[in-house]
Amino acid sequence: TKGVKGTPPKIEALPEEVSAEPGKFLTLAGSFSGDPVPSVQWVRSGRTLPNGDQRYRVENTADLTTLMISAVKEDDAGAYTLKLSNELGSDSATVNVHIRSM
Amino acid sequence: NLFGGAPRFLTRPKAFAVCVGKDATLSCTIVGSPTPLITWEKEKLKLTSGGRFKTVEDGDVYRLTIYDLTLEDSGQYMCRAKNSVGEAYAAVTLKVALPTE
């Protein structure tokens, strides 16, 4: 039998609290590790982003995931959870987004 | 361009040298138009030049140096880039270790 090789996913660094101004761009970058390269999901209120909302965009590389929100709105405030998984395990962490009033 | 001039990280913050008593430099490359203002934070405290901290801006490259590391310097550092178009956040985890004899 073949032994299991690789490492479980691990979020190496992700901001915990960020803030943005209405109407502006917000970019959040999270770095991670894992072998095989984990699958990446950004989840808000139980829904995987971008979830059809064209203001949201997610870009991933082998060790970095970036969530971009354009034209930030007040109801973008809240918890965004980054979830990683591969065949060896999973990891998750949450960013709290605050919207500053103008 | 989707971003307009919104700040973005071309290289994310990375940490170098992590032994007690040494200096560590966290470095990243950030672009944006207008040129973004960069701040560094640890546990919600803003870090500015002075004492054991030094922030340096060299073109698009921004660095935070922490001198004479102690174990308490371990933790997550956040870099925030902001201009009039938007803001970008990235973090780096620094692990300070005792020197191996």
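## Loops, contact and pocket in a two-chain model

A:Pro36 lies in the loop that joins strand S3 (25-35) to strand S4 (39-44) of chain A, where strands are DSSP runs of E with at least two residues and helices are runs of H or I with at least four, both numbered from the N terminus. The model is predicted, so that local features need pLDDT of at least 70 and side-chain atom pairs count only at pLDDT 80 or more, whereas totals for chains, interfaces and linings use all residues. Residues are numbered from 1 along each chain as its sequence is written, chains are lettered from A and ligands numbered from 1 in the order in which they are written, and side-chain values use heavy atoms, with hydrogens and water left out.

**Backbone**

The peptide bond that leads from A:Asp35 into A:Pro36 is cis, with omega near 0°. Chain B also has a cis bond, from B:Ser33 to B:Pro34, with omega near 0°, and B:Pro34 sits in the loop between strand S2 (24-31) and strand S3 of chain B. In chain A, A:Ser45 takes a positive phi of about 50° although it is not a glycine; its place is the loop between S4 and strand S5 (47-48) of chain A. As background, most residues other than glycine have a negative phi, and most peptide bonds are trans.

**The two chains**

Read from the N terminus, chain A runs β-β-β-β-β-β-β-β-β, while chain B follows the pattern β-β-β-β-β-β-β-β. The table sets out the element counts together with the box that the C-alpha atoms fill along the principal axes.

| Chain | Helices | Strands | C-alpha box (roughly) |
|---|---|---|---|
| Chain A | zero helices | nine strands | 60 × 25 × 20 Å |
| Chain B | zero helices | eight strands | 50 × 25 × 25 Å |

**Contact between the chains**

The contact (heavy atoms within 4.5 Å) draws 24 residues from chain A and 23 residues from chain B. Together the chains bury about 1,800 Å², of which 52% is on carbon and sulfur atoms; buried area is the accessible area (1.4 Å probe) lost by two parts on being put together, summed over both. Four salt bridges are found across the interface of chain B and chain A, a salt bridge being a side-chain nitrogen of Lys or Arg within 4 Å of a carboxyl oxygen of Asp or Glu. The side chains of A:Glu59 and B:Arg8 meet in a salt bridge, at 3.7 Å from N to O.

On the side of chain B that touches chain A, the elements giving two or more residues are strand S1 (8-16), S7 and strand S8 (86-94) of chain B. The largest share of that side, eight residues, comes from S8(B). By class, the side of chain B that touches chain A holds eleven nonpolar, five polar and seven charged residues; Ala, Val, Leu, Ile, Met, Phe, Trp, Tyr, Cys and Pro count as nonpolar, Asp, Glu, Lys and Arg as charged, and the others, Gly among them, as polar.

**The largest pocket**

The largest pocket has a volume of about 300 Å³ (the space filled by probe spheres set on grid points joined across faces, edges and corners). Of the 14 residues that line the largest pocket, the closest to its centre are A:Glu17, B:Glu41, B:Glu43, B:Lys44 and B:Met78. On a 1 Å grid over the protein atoms alone, a pocket is an open set of points where a 1.4 Å probe fits, with protein on both sides within 12 Å along at least five of seven lines, and lining residues have an atom within 4 Å of a point. Strand S2 (17-20) of chain A, along with strand S3 (37-42) and strand S7 (75-82) of chain B, each supply at least two residues of this lining, and S7(B) gives the most, with four residues. By class, the lining of the largest pocket has seven charged, five nonpolar and two polar residues.
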